[in-house]
Amino acid sequence: MSTTLVKQDSLLEAKKYVNKVYETVIKRNPNESEFHQAVKEIFDSLVPVFAKHPKYMENGILERISEPERIISFRVPWVDDQGKVQVNRGFRVQFNSNLGPYKGGLRFHPSVNASIIKFLGFEQIFKNSLTGQPIGGGKGGSDFDPKGKSDGEVMRFTQSFMTELSKYIGPDVDVPAGDIGVGAREIGFMFGQYKKIRGGFEAGILTGKGVGYGGSLARTEATGYGTVYFVEEMLKDKGLGFNGSTVVVSGSGNVSIYAIEKATQLGAKVVACSDSNGYIYDENGINLDTVKRLKEVERKRISEYVIEHPHATYSDKGFEIWQIPCDIALPCATQNEIDAVSAQLLVANGVKAVGEGANMPSSLEAIDVFLHNNVLFGPAKAVNAGGVAVSALEMAQNSMRLSWTFEEVDAKLHEIMKDIYRNSVAAAKEYGHPGNLVVGANIAGFTKVADAMMTQGIV
Ligand code: NAP
């Protein structure tokens, strides 16, 4: 039999295996569309890996990696400012610990459910592996909405949340961080509650802490800066750059603000950003000081930007932000914010690169549109891995009881992002999909975890 036929046979067998495990995932996790979507994206790219290394099939790696090691779901009772009892639901999914303690953020948003937390936790396994740091994958959160709540309400909720979560985490077990709706304020309250319960100062229990009590410099900036560093590498390979380009960034939270900051430092003009109510367009380039004050200090809506900058415009149709012509699009808000129609609009308007600062912001169909139109496409698990990478650097500093300077951490982050890019490019090429960073990042992230799983036995 010719080598080509053998190769075709192995690919067919690998595809059959992947489809069979995917069917089990769907059956075992009914009605969890976001989790299915994340699993499908990764599974499909792994076919060439199983064809080349049947040992992974023989050892049931896919069956094991797609089933969380543990899922914790719990009641979070708290009392609001009117004295009324409120109840939310808390989650922590401890997905995979073969590379290190579970690591991943906590999301507080009304849309949070088991499907969202599982999709995020599953992605986190591969993202964390890509960073090259010793961290496993996990994620958590609650359907609590911090928007419109007083500081006192947020504190009472987070204390109740941590009272239960504290039973399952630890500096060598599971180290949560922030995500949507969980920033410095929420991390501070949770750290205080954990310290009170445990009766000791365990800095390594959470990352994203304030720099005054064990946080790392450059952690706040890390995801946004890392997003831009990664896209810069993609552009460089094609002789392009941020300098002189027009950029659209969705969202106006932690990731968006620092993506805007770094892109602007590199000479780009960022003309639009958004929140869950709508988007602003400023043809002169967004004034970041205004956005930072509105969002980080005053916790206001992005619509207020146009009061101070009347030449800018506001639209309450947030999803239409992708109609704005740009060279580079950085979706940094939430999952599935770019569908196939938005992707086609971006392509028609000449977008050259898309970098996913948020987790899974593009639907599977949107990704296809970008790839088929030769748009440089950076997938979330590679592009936004800078946040968790610096979280791991925060853990390292906590263990050593010392602090690196902003410049030291930023330089390490920059190197990590370059490495992730290089490793993803190399894996895509090795497995027959040159230039496809979706495939490359999935394979580079997967093989390291799979090898660790093989070494550690069936547990
Ligand atoms: P954040 O500070 O809470 O900001 C989220 C931004 O997205 C806000 O502007 C928010 O608007 C907007 N948004 C949230 N849900 C939305 C929805 N359903 N529709 C439209 N806009 C929505 O959160 P973040 O930390 O920047 O996280 C943003 C994304 O990056 C998430 O996908 C997160 O998982 C991912 N990520 C974050 C980190 C990190 O280090 N923070 C690391 C890796 C990945 P409102 O204020 O109106 O809600």
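Domain bounds, as used in these legends, come from an automatic or database domain assignment. The structure shown is a predicted model.

**View 1. The domains of the chain and the contact between domain 2 and domain 3**. The protein chain is divided into domain 1, covering residues 3-66, domain 2, covering 70-203, and domain 3, covering 221-378. Between the C-alpha centres of domain 2 and domain 3 there is a distance of 27 Å. On the side of domain 2, 10 residues take part in the contact, and they meet eight residues of domain 3.

**View 2. An open sheet of five strands, with β1 and β5 at its edges**. The strands follow one another across the sheet in the order β1-β2-β4-β3-β5, and their pairing is mixed. Because β1 (70-79) and β5 (174-177) each have a single partner strand, one side of each is left without a neighbour in the sheet. From one strand to its neighbour the sheet turns by 20 degrees on average, when direction is ignored.

**View 3. The pairing of β1 with β2, and helix α7 packed on the sheet**. Strand β1 and strand β2, the latter made of residues 85-96, run antiparallel and are joined by 10 bridges. Within this part of the model, R75 stands opposite R89 of β2. Helix α7, which spans residues 151-165, packs on the sheet and touches β1, β2, β3 (102-108), β4 (136-142) and β5, while its direction makes about 145 degrees with that of β1.

**View 4. Helices α10 and α11, packed against each other**. Helix α10 (residues 254-265) and helix α11 (residues 288-297) have axes that lie 11 Å apart, and the angle at which they pack is about 165 degrees. Since angles over 145 degrees count as roughly antiparallel, the two helices α10 and α11 are therefore described as roughly antiparallel to each other. The crossing in which α10 passes α11 is left-handed. From α10 the contact draws on I257, Y258, I260 and E261, and from α11 on L288, V291, K292, K295 and E296. Sorted by class, the residues in the contact of α10 with α11 are five nonpolar and four charged, with no polar ones.

**View 5. An open sheet of seven strands, and the parallel pair β10 and β11 within it**. The order of the strands is β9-β8-β7-β6-β10-β11-β12, and the pairing in this sheet is mixed. At the edges stand β9 (313-315) and β12 (376-378), each of which pairs on one side only. The twist from one strand to the next averages 15 degrees. Strand β10, made of residues 328-330, and strand β11, made of residues 353-355, pair in the parallel sense over two bridges. A329 is found opposite V354, which belongs to β11.

**View 6. The oblique crossing of helices α16 and α17**. The axes of helix α16 (residues 386-400) and helix α17 (residues 406-430) come within 10 Å of each other, and they cross at roughly 135 degrees. The helices α16 and α17 are therefore oblique to each other, and α16 passes α17 in a right-handed crossing. On α16, the residues G386, A389, V390, L393 and Q397 meet V409, K412, L413, I416 and M417 of α17. By class, this contact of α16 with α17 is made up of seven nonpolar, two polar and one charged residues.

Notes
Residues are numbered from 1 along each chain as its sequence is written. This is a predicted model: local features need pLDDT of at least 70, side-chain atom pairs count only at pLDDT 80 or more; totals for chains, interfaces and linings use all residues. Side-chain values use heavy atoms; hydrogens and water are left out. Axes are lines fitted to C-alpha atoms, for helices over the stretch in contact, and angles run from 0 to 180 degrees between N-to-C directions. Helices (H or I, at least four residues) and strands (E, at least two) are DSSP runs, numbered from the N terminus. Angles under 35 degrees count as roughly parallel, over 145 as roughly antiparallel, 65 to 115 as roughly perpendicular and the rest as oblique. A crossing is left-handed if the near helix is turned anticlockwise from the far one by less than a right angle, and right-handed if clockwise. Contact means heavy atoms within 4.5 Å. Ala, Val, Leu, Ile, Met, Phe, Trp, Tyr, Cys and Pro count as nonpolar, Asp, Glu, Lys and Arg as charged, and the others, Gly among them, as polar. Two strands pair if DSSP finds at least two bridges between them.
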